[in-house]
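Work through the exercises below with the sequence and the model at hand. Each task is followed by a solution in steps.

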Amino acid sequence: MKVFSTLALAAVVATVALPASAQFAKPEDAIKYRQSALSVMGTHFSRLGAMANGKMPFDAKSAQESAEIVAFMSKLPWAGFGAGTEGGKSKPEVWKEQAKFNDLAGKMEAEAVKLNAAAKAGNVDSLKAAFGPAASSCKSCHDSFRNK
């Protein structure tokens, strides 16, 4: 029920926010939007990482719920990276190297889908196999486009 509520809320936010992505009232609104989406995604991704790395017991239901949220949220932050929204933790290279940034964002989304499918398998070995490539996709973008 909790996952359904979270996903329903996220769906409402996406329905309202995505069409209005070019209409953030202020650049700070876009920055807050993308940071919030990435924060939610990161929280659930960290839970999956803890299970994949043996730092917490594997729980198939929890892994599936977190992976669903990661896959859904992986689509949202990009609306907050429009022209004139520089700042936050993003390096200026996001706007200077848009093709590379968009390519890495697409790869991360694809890895999130694979991670979700692996979590649905219900075993830690599948999760482990998909977690590494997903984490690498996040890291490659952070290395190039995020201030520490």
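**Exercise 1: Three acidic residues**

Task: Place Asp 125 in its helix, then classify Asp 125, Glu 93 and Glu 111 by accessibility.

Solution. Asp 125 is found in helix α6, where helices (H or I, at least four residues) and strands (E, at least two) are DSSP runs numbered from the N terminus. The model is a predicted one, in which local features need pLDDT of at least 70 and side-chain atom pairs count only at pLDDT 80 or more, while totals for chains, interfaces and linings use all residues. Residues are numbered from 1 along each chain as its sequence is written, and side-chain values use heavy atoms, with hydrogens and water left out.

Step 1. Apply the cut-offs: buried means under 20% relative accessible area, exposed over 50%, and partly exposed in between (1.4 Å probe, protein chains only). Asp 125 counts as exposed because its relative accessibility is 56%. Asp 125 is 73 residues from Ala 52 in sequence, with 7.9 Å between their C-alpha atoms.

Step 2. Glu 93 belongs to helix α4 (residues 93-96). Its relative accessibility is 26%, so Glu 93 is partly exposed. Leaving aside neighbours within four places in sequence, Glu 93 is in contact (heavy atoms within 4.5 Å) with Ser 144 and Phe 145. Glu 93 and Phe 145 lie 52 residues apart in sequence, and 6.1 Å apart from C-alpha to C-alpha.

Step 3. Glu 111 lies in helix α5. It counts as buried because its relative accessibility is 16%. Beyond neighbours within four places in sequence, Glu 111 is in contact with Pro 133, Ala 134 and Ser 137.

**Exercise 2: The fold and its cores**

Task: Describe the secondary structure, then find which elements supply the largest nonpolar core.

Solution. Step 1. The protein has six helices and zero strands, and of its 148 residues 34% are buried. Among contacts with a separation of 6 or more, 75% join residues 24 or more positions apart.

Step 2. A nonpolar core is a set of buried Ala, Val, Leu, Ile, Met, Phe, Trp, Tyr and Cys residues joined through side-chain atoms within 4.5 Å. The largest one holds 23 residues, and those touching the most other members are Phe 45, Leu 48, Val 70, Met 73, Leu 115, Leu 127 and Phe 131. Two or more residues come from each of α2 (27-52), α3 (60-73), α5 (98-120) and α6 (124-145). Helix α2 gives the most, with seven residues.

Step 3. Take Leu 48 and set aside neighbours within four places in sequence: its contacts are Ala 63, Ser 66, Ala 67, Val 70, Leu 115, Leu 127 and Phe 131. A second, separate core of seven residues includes Phe 81, Trp 95, Cys 141 and Phe 145.

**Exercise 3: The largest pocket**

Task: Which residues lie nearest the centre of the largest pocket, and which classes make up its lining?

Solution. Step 1. On a 1 Å grid over the protein atoms alone, a pocket is an open set of points where a 1.4 Å probe fits, with protein on both sides within 12 Å along at least five of seven lines; lining residues have an atom within 4 Å of a point.

Step 2. The lining has 31 residues, with Leu 38, Ser 39, Met 41, His 142 and Arg 146 nearest the centre. Helix α2 gives the most to this lining, with nine residues.

Step 3. By class, the lining has 18 nonpolar, nine polar and four charged residues. Here Ala, Val, Leu, Ile, Met, Phe, Trp, Tyr, Cys and Pro count as nonpolar, Asp, Glu, Lys and Arg as charged, and the others, Gly among them, as polar.
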